[in-house]
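Here is a quick tour of one chain in a complex, written for someone who would rather read about a fold than scroll through it. Have the viewer open as you go.

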Amino acid sequence: MMFLDDFFWRAVIAGMGVAIVAGPVGCFIVWRRMSYLGDTMAHSALLGVAFGIFLEVNLMLGVFVVSLTVAVLLFIFQRQKQLANDAVLGTLSHASLALGILLISLMVWVRIDLMGFLFGDILAVNLVDLYWIYGGGFLILLTLLWLWRPLLAITFDNELAQAEGVSVLRVQLVFMLLISAVIALSMKIIGILLVTSLLIIPVSAARRFSRTPEQMALGGIIIGMASVGLGLGASMQIDTPSGPLIVIAAALFFFAANLFPLRKF
Amino acid sequence: MSSNKETTVDFPQTENKKQILLQTQNLSLLVGERKLLSNISLTVSKGEIVTVIGPNGAGKTTLLRVLLGLIPANSGSIFKKPKLRIGYLPQKVSVDPILPLSVSRIMNLTGNFSSLQIENALEETGVDSLKNKPVFQLSGGEFQRVMLARALLRSPELLVLDEPVQGVDYMGESELYNLIGNLRKSHGCGVLMVSHDLHVVMASTDRVLCLNQHICCEGQPEDVSRHPEYLRLFGLDSGSALAIYSHHHDHTHHLSGDLQEE
C-alpha cells in the first residue's frame, strides 16, 4: 500500500487505531474515577522507554511492563490503606517521570528526542508500530468485551458484585493490564504526558449524548477519531508536536458537547 | 462486659434445623491488633426478621460482610443452609451521573433476567414506573426500593439489608420497613438487617441483636429497649430517640447523658 510509505498516513492510521481502543477503556477510567491513576501509569511510561532503549527491546513492551508494574504497586498500596491514595499516586507519578528523564539524559550514546516521547511525534510512527497498535488493539478490545459485564458490575458496586459471584480482584488486575497496554500503544502518537487525555476527554464529551454505557463507549470512539484526525492534520500544517493538537481538538469537542443538555432517558 | 452468660444464644432445636438459614458460633474477626468482632453467635431462621443495631463503628457492616463471605473470619463457624440464595443490599451505593445506567440495566448487572421478571420485581417494591429512569436521578427512597427489587430477582431465601432506610426521608422510613415486613410474608424469606436506631425498626422486627464488637444483649425489641446494656450503649447520644417511648423510661438522664438515680 503506497500511502503507508507516507509518514502522515501512517500516523493517521495509528491514531485511529489508538482512538478506537481508547474509547471503551477510557469509559471505565472515567466511571471508576481512575484518571489520576491513568496519569501516574502514563508518567511511568518514560521509565519504560528508558529501559526499552537500554535493554534494546521494543519500546512499547518496555512501557507496558513498567506501567503495569507501577499499577500493581499502587494496587498493593491502596489495599494496605496506609497512606492517602492521592499522596501515593502523586509520589509514584512524579518519581517515575523524574527517574525516566534522568535515565534517558544519562544515556548519551543514543540520540533520543525527549520532546517526541513527552508530547507525541507523528514522524516516529513506523510500519512495525502499526502492527503493534492493530494487533494489540484487537486483543485489548477482545479482552474488554469479555470483561465488560463484570467490570460494569464492580463499577456500580464492588461489594455487591463480589457478593453476587464476580471475582473482583481478577477483574481489577486485568483492567489495569488493559490500561497499561493502551498507554503503551498510544505513546508515540499522543505523548506520555498527554496519553490520559485521549482516554478521558472523548468519552466525557460523549456522555452528553449517551443513554447506555455502550453508547458512551461508541461515542468516545467517534469523537476520539475525529480529534485524532483534526489534531494530526493541524500538526502537519503548522509543524508542531501532534499530542497537544489532538488534545485541543478533543477538548473543543468536550466544550461544544457541554453546550447541549445532558441526555435524559 | 460481665454479661457474657446472658449473651449466649439459644440455638434452635434439632427438629427445626431445616428452618435455619444462617447460624454462626463464636465468630471473631481481628484486624491487626483490633478485635472488630468477638464471639458472635447468631441465628436467622426462615420467615424471621432479625435486626442488628449498634452505634457507629460497632462492626455491624463488618458482621454482614463476614456472613456474606466477603471477609474471612479468624475463628468461629458459619453455617449456611446448602445453596442458600441471598439477596444483598449493601450500604451507600452511589452512582455518579457520568455513568449512564438505567434502572432496568442495574437489575441485570450480574444476572440474566427477563424484562417481565424485572418489571414484576420493581412492581413488588412499588417502583415499576421508574424502569427506564437513569439511576442517578432517583431519590434516596426510590433507589433503595430499586435495590430491594434487585435483591428480590434472585428469589432469595435470605435478605441481607445494610441500613435499608439510609437516605430515606422520615415518612418513607416506616413505609420501607412495612414493605420489608410484607416481602418477608409474601416470599417467606428470612431477613437480616442492620440499623443504627432501634425505635424505627421496633415495629417491624422479631428479634434484635445489640452489637458493639460483641453481642451486648438480644431479644424482643421491647426487651432490648429496656436492657441496661442497650441503654448504656445508646444512652449518651440517643436520649431524644428514646424520648418517643417515654412510657418505657424508668430512669432519667443527667445533661451529660449519664443515668440518674431517682
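In chain B, strand S3 (residues 49-53) and strand S8 (residues 207-212) run parallel and are joined by four bridges. Across that pairing, Ile53(B) sits opposite Cys210(B) of S8(B). Keep in mind that this is a predicted model.

The S3/S8 pair belongs to an open sheet of six strands in chain B, ordered S5-S6-S7-S3-S8-S9, with mixed pairing. Which strands stand at the edges? They are S5 (86-89) and S9 (214-219) of chain B; each has a single partner strand, so one side of each has no neighbour in the sheet. On average, neighbouring strands here are turned by 15 degrees against each other, direction ignored. As general background, strands in a sheet pair through backbone hydrogen bonds, either parallel or antiparallel.

There is also an open sheet of three strands in chain B, in the order S2-S1-S4, and its pairing is antiparallel. S2(B) and S4(B) (75-80) take the edge positions with a single partner strand each, so each has one side left without a neighbour in the sheet. The twist from one strand to the next averages 15 degrees. Inside this sheet, strand S1 (residues 20-31) of chain B pairs with S4(B) over five bridges in the antiparallel sense, and Ser28(B) stands opposite Ser75(B) in S4(B).

Now for the helix that meets both sheets. Helix H1 (residues 60-68) of chain B lies across S3, S5, S6 (158-162), S7 (190-195) and S8 of chain B. H1(B) also lies across S1, S2 and S4 of chain B. Its angles to one strand from each group are as follows.

| Helix | Strand | Angle |
|---|---|---|
| H1(B) | S6(B) | about 150 degrees |
| H1(B) | S2(B) | about 65 degrees |

Zooming out, chain B has nine helices and 11 strands. Of its 262 residues, 38% count as buried. Take the contacts in chain B between residues at least 6 apart in sequence: 67% of them join residues at least 24 apart.

On domains, chain B splits into domain 1 (21-85 + 158-178 + 189-246) and domain 2 (93-155). The C-alpha centres of these two domains of chain B are 26 Å apart. Where they meet, eight residues of domain 1 of chain B are in contact with six residues of domain 2 of chain B. The domain 1 side of that meeting has four nonpolar, two polar and two charged residues.

A residue worth a click is Val103(B), which is in helix H2 (residues 103-107) of chain B. Is Val103(B) buried or exposed? Val103(B) counts as buried because it has 25 C-beta neighbours inside 10 Å. Leaving out residues up to four places away in sequence, Val103(B) touches Leu130(B), Lys131(B), Asn132(B), Lys133(B), Val135(B) and Val146(B). Asn120(B) is 17 residues from Val103(B) along the chain, and their C-alpha atoms are separated by 13 Å.

Next, a couple of backbone oddities. Most residues other than glycine have a negative phi. Asn39(B) has a positive phi, near 50 degrees, and lies in strand S2 (residues 34-45) of chain B. Asn39(B) has 18 C-beta neighbours inside 10 Å, so it counts as partly exposed. Gln213(B) has a positive phi too, near 65 degrees, and is found in the loop between S8 and S9 of chain B. With 20 other C-beta atoms within 10 Å, Gln213(B) is buried.

Chain B also has a partner. The contact takes 19 residues from chain B and 22 residues from chain A. On the chain B side, those residues divide into 13 nonpolar, three polar and three charged.

Finally, confidence. The predictor gives the complex an ipTM of 0.84 and a pTM of 0.84. Chain B averages a pLDDT of 81, and 82% of the residues score at least 70. The pLDDT is below 50 over residues 1-15 of chain B, a stretch that has 13 contacts in the model beyond near neighbours in sequence. Residues 236-250 of chain B also stay under 50 in pLDDT, and the model has 11 contacts for them beyond four places in sequence.

Methods. Residues numbered from 1 in each chain as written. Chains lettered and ligands numbered in written order. Predicted model: local features only at pLDDT ≥ 70, side-chain atom pairs only at ≥ 80, totals over all residues. Domains from an automatic or database assignment. Contact = placed C-beta atoms within 7 Å. Nonpolar A, V, L, I, M, F, W, Y, C, P; charged D, E, K, R; others polar. pLDDT = per-residue confidence, 0-100. Pairing = 2+ DSSP bridges. Helix = DSSP H or I, 4+ residues; strand = E, 2+ residues; numbered from the N terminus. Axes fitted to C-alpha atoms, helices over the stretch in contact; angles between N-to-C directions. Buried ≥ 20, exposed ≤ 12 C-beta atoms within 10 Å, placed from the backbone.
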